[in-house]
Amino acid sequence: MKTIITGGGKAVYFLCRAFLSKGWEVAVVNPDQEECEQMARKLRALVIKGDGSDPAILEDAGARGADAVVAATPDDATNLAVCQLAKIEFDVPRALAMVGDPDNEEIFRMLGITVFCATSVMASMIEQRAALEEITNLMPLAEGKVNITEMALSPDSPAVGRTLRDLALPPNSLIAVVMRDGKAIVPRGDTCLQASDRVILITLPDNHGPVIKIMTGESR
Amino acid sequence: MKDLYVVIVGCGRLGSQLANALSRLGMGVVAIDSSDSAFSGLSRAYSGFRVEGDATEPAVLRAAKMDKADLVIATTRDDNVNLMVAQTARTLFSVPRVMARVFDPKRERMYRALGIEPVCPTVLAVEAFMNIIRNQEDKADAS
């Protein structure tokens with residue numbers, strides 16, 4: 001897998017490190033000279049100083065033959081240009097753009113670019129977390145149409161001591177995984193929930209509230 | 001021509017002069033710029049609207065009633081912003097005609113591939129200079 005990342009800062013550095021640890025070939029395009037020098041010292045990646053939306057720079061980074069391009073600059077317009085350049089000029093099969101303004105998600109998608117909106121994810125995590133402390137992890141998927149929530153069952157949860165069958169979760173919701181004593185169990189109807197289980201729930205936005213209520217007894 | 005509604009994004013030297021000229025022709029014009037001071041380039045006779053805001057935010061384009069526009073011209077100093085605004089105009093607001101300035105001639109091809117009419121000042125200047133040179137040579141040959 002050959003990946004090009006455009007952008008700078010800590011996030012891009014750690015993204016590179018994560019990709020490299022998977023054994024991928026990574027090229028970084030960063031407009032900042034100093035950051036480039038640091039990255040080149042610390043990472044086994046090709047580091048190019050420049051603007052990733054410049055066709056010549058993207059070509060130098062090896063866009064021809066790359067499997068994926070990740071545009072992660074703080075500027076939405078630049079990220080869009082990088083992704084479109086990758087797709088149109090260099091036939092890169094996968095282009096992923098980071099978006100700052102959640103309103104831009106729709107446009108990017110209409111233009112065939114896969115988007116990752118950190119703002120939306122963070123806002124939704126904070127919102128859910130503010131509502132319930134037991135919820136430690138929440139991730140919207142499929143354009144926010146599906147939620148994956150990880151939560152710990154407190155001893156006073158009404159779900160404790162009941163089987164999934166008795167719980168009667170609303171349609172279009174699922175307890176996908178139960179984590180118990182460090183082991184992951186894919187539960188069935190006769191699986192009985194225990195206090196201090198951690199469960200991973202799959203919900204839709206319209207039944208998320210009712211499901212959380214069944215699991216915690218509190219309404220959000 | 002007169003009833004056209006035109007949105008101009010970027011009100012620098014080029015944007016403001018374009019806005020003045022189109023307004024003089026009697027068209028409905030809206031000029032957008034992220035800095036309020038940019039509007040000082042608009043003439044006293046300019047009868048259009050001014051919208052202050054970042055054109056890469058769809059909310060700003062909506063405030064400029066881009067969905068009603070017959071023509072959008074993106075003239076900011078940033079090629080990427082122009083490209084994005086032009087595509088937002090086309091896909092989200094279904095604007096029938098979209099043009100954009102592009103500084104880097106290397107990017108012209110991509111603009112065309114995406115259905116945007118590019119105007120590249122460098123290419124235009126080269127043509128203008130070449131025409132002057134050719135005319136002078138023709139005159140020299142004739143004499």
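This is a dialogue on reading the contact between two chains, a few salt bridges, one helix and one strand residue in a predicted model.

Visitor: How is the size of an interface usually stated, and what area is buried between chain A and chain B?

Guide: The size of an interface is often given as the accessible area lost when the parts come together. Between chain A and chain B that area is about 1,700 Å², and carbon and sulfur atoms give 62% of it. In chain A, the residues that lose the most area to chain B are Ala77(A), Glu89(A) and Ile107(A), which together make up 25% of what that side buries.

Visitor: How many residues does each chain bring to the contact?

Guide: Chain A supplies 22 residues and chain B supplies 19 residues. Across this interface there are six residue pairs in polar contact, and on the side of chain A the elements that give two or more residues are α3 (55–60), α4 (76–90) and α5 (104–110). Of these, α4(A) gives the most, with nine residues. Sorted by kind, the residues on that side of chain A divide into eleven nonpolar, four polar and seven charged.

Visitor: How many salt bridges are there between chain A and chain B?

Guide: The count between the two chains is three, while a search of the whole structure finds 13 over all chains. One pair joins the side chains of Glu89(A) and Arg109(B), at 2.6 Å from N to O. This pair crosses between chains, running from helix α4 of chain A to helix α4 (residues 108–113) of chain B. Glu89(A) counts as buried because its relative accessibility is 16%, under the 20% limit, whereas Arg109(B), at 58%, counts as exposed.

Visitor: Which residues are linked with Asp54(A) in a network of salt bridges?

Guide: The network links Asp54(A) with Asp51(A), Asp79(B), Asp104(B), Lys106(B) and Arg107(B). Within this group, the side chains of Asp54(A) and Lys106(B) meet in a salt bridge of 3.7 Å, N to O. Asp79(B) also forms a salt bridge with Arg107(B), with the closest N and O atoms 4.0 Å apart. The latter pair links distant parts of the chain, 28 residues apart, with Asp79(B) in helix α3 (residues 79–91) of chain B and Arg107(B) in the loop between β5 (97–101) and α4 of chain B. Both Asp79(B) and Arg107(B) are buried.

Visitor: Where do Arg109(A) and Glu105(A) lie?

Guide: Both lie in helix α5 of chain A, four residues apart, which is about one turn of the helix. Their salt bridge has its closest N and O atoms 3.3 Å apart. Arg109(A), at 31% relative accessibility, counts as partly exposed, whereas Glu105(A) is buried, with a relative accessible area of 15%.

Visitor: What span should the twelve residues of helix α8 of chain A have?

Guide: At 1.5 Å a residue, helix α8 (residues 205–216) should span 16 Å, and its end C-alpha atoms are 17 Å apart, so the two values agree. The buried residues of α8(A) include Asn207(A), His208(A), Val211(A) and Met215(A). After the helix comes Gly217(A), whose phi is positive, near 85°.

Visitor: Which residues does Leu96(A) touch beyond its neighbours up to four places away in sequence?

Guide: Leu96(A), in strand β5 (residues 94–99) of chain A, touches Val69(A), Val70(A), Ala71(A), Cys83(A) and Thr114(A). Leu96(A) and Ile113(A) are 17 residues apart in sequence, yet 6.3 Å apart in space, C-alpha to C-alpha. At 31% relative accessibility, Leu96(A) counts as partly exposed.

Methods
Residues are numbered from 1 along each chain as its sequence is written. Chains are lettered from A and ligands numbered from 1 in the order in which they are written. This is a predicted model: local features need pLDDT of at least 70, side-chain atom pairs count only at pLDDT 80 or more; totals for chains, interfaces and linings use all residues. Side-chain values use heavy atoms; hydrogens and water are left out. The expected span of a helix is 1.5 Å times one less than its number of residues. Buried means under 20% relative accessible area, exposed over 50%, partly exposed in between (1.4 Å probe, protein chains only). Contact means heavy atoms within 4.5 Å. Buried area is the accessible area (1.4 Å probe) that two parts lose on being put together, summed over both. A polar contact is a pair of N or O atoms within 3.5 Å; within protein, one must be able to donate a hydrogen and the other to accept it, and residues adjacent in sequence count only if both atoms are side-chain atoms. Ala, Val, Leu, Ile, Met, Phe, Trp, Tyr, Cys and Pro count as nonpolar, Asp, Glu, Lys and Arg as charged, and the others, Gly among them, as polar.
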